[in-house]
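Hi everyone, thanks for making time this morning. I'd like to walk you through one structure, so please have a look at it before I start.

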Amino acid sequence: MSKKNIDIVIGTRPEAIKMAPVILELKGRSDFDVRVIATGQHTDMLVQALDYFSIKADVNLGIMRERQSLDYITSSVMEGVGRTLDENKPDGVLVHGDTTTTFAASIAAFYRKIPVGHVEAGLRSWNMHLPFPEEMNRVLTDRIARWWFAPTELAKENLVKEGTRPEAIYVTGNTVVDALFTTIRAKGTPKAECVASLRKDMPFLLVTAHRRESWGKPLEDICSALLDILEKYPAYGALVPMHKNPAVRETMREILGGNERIVLCDPLDYPDFVWAIDNCKLILSDSGGVQEEASALGKPVLILRDVTERPEALEHGSGLLVGTKRERIISAAYELLSDSEAYRRVQARCEGNPFGDGQASRRIADILSVDLA
């Protein structure tokens, strides 16, 4: 039996983390020849994530440039991925999630009539502008796909509502849980100096914010809310890994810089970030992946967004949707930090984590083995 060629396209660090277990699972099987294409939508962060899983990209398009526009990313990915697909002529292309790389790579495959597998298909906020442009990227990718690997039953229901054939939708769980459990089992200690600088006797909050809709006033309110929380709770510190985007870093440094209980740092390597999630008291984040990771570990997370395409985090996970208004963030944080029963109630919702059992990658590989045989 001849091997089937699978191209896996990734562009950002979260994609690399979530696709790493899939890459390793497929590479470990005799019926697949796997090629990893990195677009370089993120550069150093993406390589760091792949290095942790001992994965090296076979192709790196290296498209990233300072203050890149969505137009530039889309056209560069489409052209670069198209060129590599012409060279390899794969039997299938796998993409992940909702990034510009995901959408542009799917279009490039569609133009060549190469079937697309969408890992993490079916998530919906039902608002094309929140998250922006991710909701549109995900919807359009789902229209192109041949295999829909939905992380939850709700994601499958969303796809069926839009007319996707139920028999082509596979509920696998989310591959981020695969990556998370592997990392937790490794029991590593943090290597980043900024993490080591946290006082051992000081509980800390973990804060991440980077989405485009948060730039400007919303991000300023998030930072101001953090200052208010720390003022009320002097026993706490905060760890704030800053996204590489200048629009994010400038705001955070201006408002949070100089506070001795706030550690501002570059994005953490994945194992250090997992350690931070597992050891912090409370998370404030606008990240989609963090909602899943926090729920898997039973860690309360204040979701700094007005809508989420992961409502399971609200219903059966540890997420509380608070938006970006200063007063609402403060109120929710005060309740969790001062009321131990409220904190435990949020943790209790996570029994039977809605985002999977850590076996999503195996299921995806099994499906492709049968369908491409």
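Let's begin with the disulfides: the search returns 0 of them in this structure, and please keep in mind that we are looking at a predicted model. Cys194 is a nice case to discuss. The nearest cysteine sulfur belongs to Cys265, at 3.2 Å, and Cys194 is in no disulfide. Why does that pair not count? Because a disulfide here needs the two sulfur atoms within 2.5 Å, and the sulfur of Cys265 is 3.2 Å away from that of Cys194. Cys194 has a relative accessibility of 15%, so we call it buried.

Cys280 is also without a disulfide, and for this one the nearest cysteine sulfur, that of Cys350, is 13 Å away. With a relative accessible area of 3%, Cys280 is buried.

Now to the aromatic rings. How many aromatic pairs does a search of the whole structure find? There are 8, and I'll show you two of them, starting with Tyr52 and Phe53. These rings sit edge-to-face, with 4.9 Å from centre to centre and 75 degrees between the planes. Are the two residues buried or exposed? Tyr52 is partly exposed, at 29% relative accessibility, while Phe53 is buried, with a relative accessible area of 9%.

My other example is Tyr233 with Tyr236, again an edge-to-face pair, with centres 6.1 Å apart and planes at 90 degrees. Tyr233 is buried, with a relative accessible area of 13%, and Tyr236 is buried too, at 12%. Going back to Tyr52 and Phe53 for a moment, ring pairs join these two with Tyr270 in a cluster.

Next, some backbone geometry. As a reminder, most residues other than glycine have a negative phi, and most peptide bonds are trans. So which peptide bonds are cis here? Two to look at involve prolines. The bond joining Leu130 and Pro131 is cis, with omega at about -10 degrees. Then the bond from Phe132 to Pro133 is cis as well, with omega near 0 degrees. If you want to find them, Pro131 is in the loop between strand S5 (116-119) and helix H5 (134-144), and Pro133 lies in the loop between S5 and H5 too.

That loop has something else for us. Trp126 is found between S5 and H5, and its phi is positive, near 65 degrees, although Trp126 is a residue other than glycine. Trp126 is exposed, with a relative accessible area of 52%.

Lys89 is another non-glycine residue with a positive phi, about 50 degrees. You'll find Lys89 in the loop between helix H3 (70-88) and strand S4 (92-96). It is exposed, with a relative accessible area of 61%.

Last stop: a pair of helices. How do helix H14 (residues 326-338) and helix H15 (residues 340-348) pack? Their axes are 5 Å apart and the angle is about 100 degrees, which means that H14 is roughly perpendicular to H15. On the H14 side, the contact is made by Glu335, Leu336 and Ser338, and they meet Ser340, Ala342, Tyr343, Arg345 and Val346 of H15. By type, the residues of this contact are 4 nonpolar, 2 polar and 2 charged.

That's my tour. Thanks for listening, and I'm happy to go back to any part of it.

Key: Residues are numbered from 1 along each chain as its sequence is written. This is a predicted model: local features need pLDDT of at least 70, side-chain atom pairs count only at pLDDT 80 or more; totals for chains, interfaces and linings use all residues. Side-chain values use heavy atoms; hydrogens and water are left out. Axes are lines fitted to C-alpha atoms, for helices over the stretch in contact, and angles run from 0 to 180 degrees between N-to-C directions. Helices (H or I, at least four residues) and strands (E, at least two) are DSSP runs, numbered from the N terminus. Angles under 35 degrees count as roughly parallel, over 145 as roughly antiparallel, 65 to 115 as roughly perpendicular and the rest as oblique. Contact means heavy atoms within 4.5 Å. Ala, Val, Leu, Ile, Met, Phe, Trp, Tyr, Cys and Pro count as nonpolar, Asp, Glu, Lys and Arg as charged, and the others, Gly among them, as polar. Buried means under 20% relative accessible area, exposed over 50%, partly exposed in between (1.4 Å probe, protein chains only). Rings of Phe, Tyr and Trp (its six-membered ring) pair if their centres lie within 6.5 Å; planes under 30 degrees apart count as stacked, over 60 as edge-to-face and the rest as tilted.
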